[in-house]
Amino acid sequence: MIQPRVKAAIALGSNLGKSQQILQRALAQLSVVDGLVLKQISSFYHTRPIGPPQPDYVNACALLETQLSPLALLHCLQTVEQAFDRLRVERWGPRTLDLDLLLWGNQIIDQPDLQVPHPRMAERGFVLVPLAEVFAEAAQDWRHPVLGVAIADLLQP
Ligand code: ROI
């Protein structure tokens, strides 16, 4: 059965290894996944770490159209993370590659292994700034399904 295409948004982050290259290669891997089309990629942002002291991050966001279910998309993101030997020593510590599913259409999902919208996205500048960039280009009408506001408005003080 052909599934309809749903808009989804992901966040990318890295602060171990050649972070910029890692994000570029992760995006290249995602671009060849069946049932997934990369529609928009933000600029890469150098950001100060939130959490324990560690190297600065490179962060970005991407808008996708996907025929994958939320869980299938999550597994796909995890597979790409593993391909980069995702190394994460501690929960809030440095990592080679972090791929987070932020939004999947307007769905609200609250399962032990998957929460969408991502529960901490609205308070993280390193997510909201790149996300607002891709939304301004391609998804102005899309609102945070829980908070009911446009992504750009989450950035307001
Ligand atoms: N800090 C920044 N700047 N960027 C991240 O991607 C990031 N990811 C994390 C924590 C440790 C919360 N801090 C971060 O998981």
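Which residues is Gln54 in contact with, leaving aside its neighbours within four places in sequence? The answer is Asn15, Pro49, Trp92, Gly93 and Pro94. Keep in mind that this is a predicted model.

Let me place Gln54 first. Gln54 sits in a loop. That loop runs between strand S3, residues 45-47, and strand S4, residues 57-66. Is Gln54 buried or exposed? Its relative accessibility is 13%. The cut-off for buried is under 20%, so Gln54 counts as buried.

Now its side chain. Two polar partners are worth a look. One is Asn15: the side chains of Gln54 and Asn15 make a polar contact at 2.9 Å. The other is Pro52: here the Gln54 side chain reaches the backbone oxygen, at 3.0 Å.

Gln54 also belongs to the ligand site. Which residues are around the ligand? Going along the chain, we have Thr47, Arg48, Pro49, Ile50, Gln54, Tyr57 and Asn59, then Trp92, Arg95, Arg124 and Phe126. Pro49 and Trp92 are on that list, and both are also in contact with Gln54. How does the shell split by class? Five residues are nonpolar, three are polar and three are charged.

Next, the polar distances to the ligand. Start with Ile50. A backbone N or O atom of Ile50 lies 2.7 Å from a ligand nitrogen. Then Asn59. Here a polar side-chain atom lies 2.8 Å from a ligand oxygen. Then Arg95. An N or O atom in the Arg95 side chain is 3.3 Å from an oxygen atom of the ligand. And how much of the ligand does the protein cover? On its own, the ligand has 350 Å² of accessible area, and the protein covers 96% of that.

Last topic: cysteines. How many disulfides does a search of the whole structure find? Zero. Take Cys61. Cys61 is in no disulfide, and the nearest cysteine sulfur, that of Cys76, is 16 Å away. A disulfide needs the two sulfur atoms within 2.5 Å. Cys61 counts as buried, because its relative accessibility is 0%. Cys76 is in no disulfide either; its nearest cysteine sulfur is that of Cys61, at 16 Å. Cys76 is buried too, with a relative accessible area of 12%.

To recap. Gln54 is a buried residue in the loop between S3 and S4. Its side chain makes a polar contact with that of Asn15, and Gln54 is one of the residues around the ligand. The ligand itself has 96% of its accessible area covered by the protein.

How values were computed. Residues numbered from 1 in each chain as written. Predicted model: local features only at pLDDT ≥ 70, side-chain atom pairs only at ≥ 80, totals over all residues. Heavy atoms only, no water. Helix = DSSP H or I, 4+ residues; strand = E, 2+ residues; numbered from the N terminus. Buried < 20%, exposed > 50% of the residue type's maximum accessible area, 1.4 Å probe, protein only. Polar contact = N/O pair within 3.5 Å; in protein donor to acceptor, adjacent residues only side chain to side chain. Contact = heavy atoms within 4.5 Å. Near = heavy atom within 4 Å. Areas by Shrake-Rupley, 256 points an atom, 1.4 Å probe, with all protein chains shown as cover. Nonpolar A, V, L, I, M, F, W, Y, C, P; charged D, E, K, R; others polar.
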